[in-house]
Amino acid sequence: MGQLVVETTELTKRYNGFTAVNSLNLKIEEGEMFGFLGANGAGKTTTLLMLLGLTEPTSGTVRVCGMDPTRDARDVKRQVGYLPERVGFYEDLTARQNLQFTANLNHMRRTEAEEKIDAVLGTVGLARVKDQNVGTFSKGMKQRLGIADILVKEPRLAFLDEPTTGIDPNGIDDILKLISGMGKRGITVIFCSHILPQVQRLCSRVGIMSKGNLVADGAIDRLGREVVAAGKFRIEAELEGVGPDVIAAVRGVKGVHEVDAIESTLIIAAESDLRGQISRAIIESGALLLGMKVEEYDLETIFKRYSSEA
Ligand SMILES: Nc1ncnc2c1ncn2[C@@H]1O[C@H](COP(=O)(O)OP(=O)(O)O)[C@@H](O)[C@H]1O
Ligand SMILES: [Mg+2]
């Protein structure tokens with residue numbers, strides 16, 4: 001296991017008796033791209049605010065890079081880049097001036113900062129408009145500037161809260177690529193979202209929040225396997241024709257639990273991905289194999305199942 005950069009223990013936030021986050025136990029390792037999922041109101045933003053020391057937990061503990069954000073908020077903020085749901089920039093300053101402001105806050109040397117700001121504005125596709133006031137920017141441009149702001153800082157972690165809200169499809173693609181680039185630079189990312197395909201594209205591990213509770217936490221494929229049926233893989237084999245011989249042959253493969261035929265497709269339940277052994281058995285039985293696929297776990301199925309349990 002790598003180094004833990006985020007660790008919460010029984011972390012709880014109540015607002016006037018209403019529990020927004022309930023006994024959250026979360027561990028995130030350095031370098032992870034963690035998808036933090038949940039419907040609106042699930043408690044994602046509240047969790048981020050506690051991780052940043054921007055709101056105080058009602059009970060429980062938080063560690064970010066080994067520090068306690070309720071006591072060392074400034075040190076934590078130095079390690080973390082944060083893109084809030086609504087990015088706030090000085091509208092009457094240019095893109096470049098806004099980033100210079102960030103660089104000053106982070107005590108960067110002026111010449112070093114200027115080089116980096118230019119490079120980063122290029123990365124996020126704002127080089128042409130860097131001397132325009134941010135007040136003239138679209139939502140997508142401001143969001144890209146928010147990502148530039150994080151990149152200037154070169155933090156160890158980045159907390160991104162619904163970074164694609166209100167952005168057109170092309171813009172979304174740009175932003176997802178930039179986030180993926182953060183991961184490649186070794187930044188640990190927490191990507192909060194309720195948009196499942198975006199999370200599935202970027203993250204291998206997810207946590208699902210529902211009504212303040214973390215109802216699932218793990219690798220998408222593992223959660224998927226648990227949902228599909230404890231430990232069962234569903235494999236489909238398309239044949240030119242199905243006869244009793246081929247069904248018997250596939251049933252004979254060790255690890256295969258069930259075989260059903262629907263027209264010329266075999267639906268196979270197996271304890272693991274046995275495509276190799278199954279295709280050999282099919283061919284040896286004399287049947288013609290046209291194609292085979294293993295069921296992919298989609299995040300939507302996982303999400304629905306766990307959210308409804310909460
Ligand atoms: N400052 C606040 N005062 C009272 N209730 C709040 C406050 N902030 C958030 N909440 C409530 O806490 C719950 C979780 O909110 P939030 O963390 O923003 O969810 P998410 O980011 O997952 O949409 C919601 O029901 C919200 O209304
Ligand atoms: Mg939120």
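**Figure 1. Ala 237 and Met 292 in the E10–E13 pair.** Ala 237 has Met 292 as its bridge partner in E13. The two strands, E10 (residues 233–239) and E13, run antiparallel and are joined by five bridges. Strands count as paired if DSSP finds at least two bridges between them. Names such as E10 or H9 stand for DSSP runs, numbered from the N terminus: helices are H or I runs of at least four residues, and strands are E runs of at least two. Please keep in mind that this is a predicted model, in which local features need pLDDT of at least 70 and side-chain atom pairs count only at pLDDT 80 or more, while totals for chains, interfaces and linings use all residues. Residues are numbered from 1 along each chain as its sequence is written, and chains are lettered from A and ligands numbered from 1 in the order in which they are written.

**Figure 2. The four-stranded open sheet and its two helices.** Here the strand order is E11-E12-E10-E13, with antiparallel pairing. Strand E11 (256–262) and strand E13 (289–294) are at the edges with a single partner strand each, so one side of each has no neighbour in the sheet. From one strand to the next, the twist averages 20 degrees. Helix H9 (residues 244–251) packs on this sheet and touches E10, E11 and strand E12 (265–270), its direction making about 160 degrees with that of E11. Helix H10 (residues 275–284) lies across E10, E12 and E13, and runs at about 160 degrees to E13. Angles run from 0 to 180 degrees between N-to-C directions, and axes are lines fitted to C-alpha atoms, for helices over the stretch in contact.

**Figure 3. Where H9 meets H10.** The axes of H9 and H10 cross at roughly 150 degrees and come within 9 Å. H9 passes H10 in a right-handed crossing; the term applies if the near helix is turned clockwise from the far one by less than a right angle, and left-handed if anticlockwise. On the H9 side you will find Val 246, Ala 249 and Val 250, which meet Ile 278, Ala 281, Ile 282 and Glu 284 in H10. Residues are in contact if their C-beta atoms, placed from the backbone, lie within 7 Å. By class, the contact of H9 with H10 has six nonpolar, no polar and one charged residues. Ala, Val, Leu, Ile, Met, Phe, Trp, Tyr, Cys and Pro count as nonpolar, Asp, Glu, Lys and Arg as charged, and the others, Gly among them, as polar.

**Figure 4. The E1–E2 hairpin.** Strand E1 (residues 4–15) pairs with strand E2 (residues 18–29) in the antiparallel sense, over eight bridges. To find your place along the ladder, look for Glu 7, whose bridge partner in E2 is Lys 27. Two residues lie between the strands of this hairpin, and Asn 16 takes a positive phi near 45 degrees.

**Figure 5. The six-stranded open sheet.** The strands follow the order E5-E6-E7-E3-E8-E9, and their pairing is mixed. Strand E5 (80–83) and strand E9 (213–219) are the edge strands, each with a single partner strand, so one side of each is left without a neighbour in the sheet. The twist averages 15 degrees from one strand to the next. Within the sheet, strand E3 (residues 33–37) pairs with strand E8 (residues 205–210) in the parallel sense over four bridges, and Phe 36 stands opposite Gly 207 in E8. Helix H1 (residues 44–51) lies across E3, strand E6 (157–161), strand E7 (188–193) and E8, at about 150 degrees to E6. Helix H6 (residues 169–184) lies across E3, E6 and E7, running at about 150 degrees to E7.

**Figure 6. H3 between two partners, H4 and H5.** Helix H3 (residues 95–105) and helix H4 (residues 110–123) have axes that come within 10 Å and cross at roughly 130 degrees. H3 and H4 are therefore oblique to each other, a term for angles outside the ranges under 35 degrees (roughly parallel), over 145 (roughly antiparallel) and 65 to 115 (roughly perpendicular). Ala 95, Arg 96, Leu 99, Gln 100 and Ala 103 of H3 meet Ala 113, Ile 117 and Leu 121 of H4. These contact residues divide into six nonpolar, one polar and one charged. H3 also packs with helix H5 (residues 139–153) at an angle of about 35 degrees, the axes being 10 Å apart.

Notes:
Contact = placed C-beta atoms within 7 Å.
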